[in-house]
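Here's a quick briefing to help you find your way around. Have a look at the structure first, then read on.

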Amino acid sequence: MEITIVGRKCTPRDSFRERAERKLAKIGHFFGGDVEAKITATVEKAYQTVEVTIVSGGLTFRAQQQCENMNDALDRCADQLVRQIRKNKTKVEKRLKRSSPAEFDFAVPQGEDIPEEIDYEIVRKKVLTLKPQSVDEAILEMNMLGHKFYMYLDESTNGVAVIYQRSNGGYGLLTPEIT
């Protein structure tokens, strides 16, 4: 597992790096092939934030936690990632049982319980008419509507994009990349 640790407004200590490597090594056992992990640690006045993103093949798992202590936030992120991975594994297993058997690229250690997956129901469908806009226009329209996210047709790429408000302030932009 390739681990990258980035500090924002801080320099993570060696003890944090060692702890992160131990925690992510346990998570690395779920995957068979190349796994990349990026940890971003941010120090604010009242709290510390740890964000962990794991990419393996086409799968991406992400967790973010805020605590008074950076190590506690890392522990919570690791627990959250394990839950996400197990949930995804359960979902894949159910699909495979319905269709044909196949191999997947990660495995759950023996003896661990996996919670039952909840079936989701789509209760509303909405058709959007997309017009070409710049990012600034999309942000303005999203704010006028009072929404947390907004899908639009990017005039520079002529592709669909989503702009959203981040919980820590600022905006995020999602653009598709076809692989």
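Reading from the N terminus, the elements of the protein come in the order β-α-β-β-β-α-β-α-β-β-β. That makes 3 helices and 8 strands. Keep in mind that what you're looking at is a predicted model.

**The sheet**
- An open sheet is built from 4 strands, lined up in the order 1-2-3-4, and their pairing is mixed.
- At the edges sit strand 1, covering residues 2-8, and strand 4, covering 59-67; each of these pairs on one side only.
- On average, neighbouring strands in this sheet are turned by 10 degrees against each other, if you ignore direction.
- In general, strands of a sheet pair through backbone hydrogen bonds, in either a parallel or an antiparallel way.

**A closer look at strands 3 and 4**
- Strand 3 spans residues 48-56, and its pairing with strand 4 is antiparallel, with 9 bridges.
- Want a spot to zoom in on? Try Glu51, whose bridge partner in strand 4 is Gln64.

**Inside and outside**
- The protein has 179 residues, and 30% of them count as buried.
- Buried here means that under 20% of a residue's relative accessible area is left.
- As for the outside, the protein exposes about 12700 Å², with carbon and sulfur atoms supplying 49% of that area.

**Contacts along the chain**
- Take the contacts between residues at least 6 apart in sequence: 37% of them join residues at least 24 apart.

Note on methods: Residues numbered from 1 in each chain as written. Predicted model: local features only at pLDDT ≥ 70, side-chain atom pairs only at ≥ 80, totals over all residues. Heavy atoms only, no water. Pairing = 2+ DSSP bridges. Helix = DSSP H or I, 4+ residues; strand = E, 2+ residues; numbered from the N terminus. Axes fitted to C-alpha atoms, helices over the stretch in contact; angles between N-to-C directions. Buried < 20%, exposed > 50% of the residue type's maximum accessible area, 1.4 Å probe, protein only. Contact = heavy atoms within 4.5 Å. Areas by Shrake-Rupley, 256 points an atom, 1.4 Å probe, with all protein chains shown as cover.
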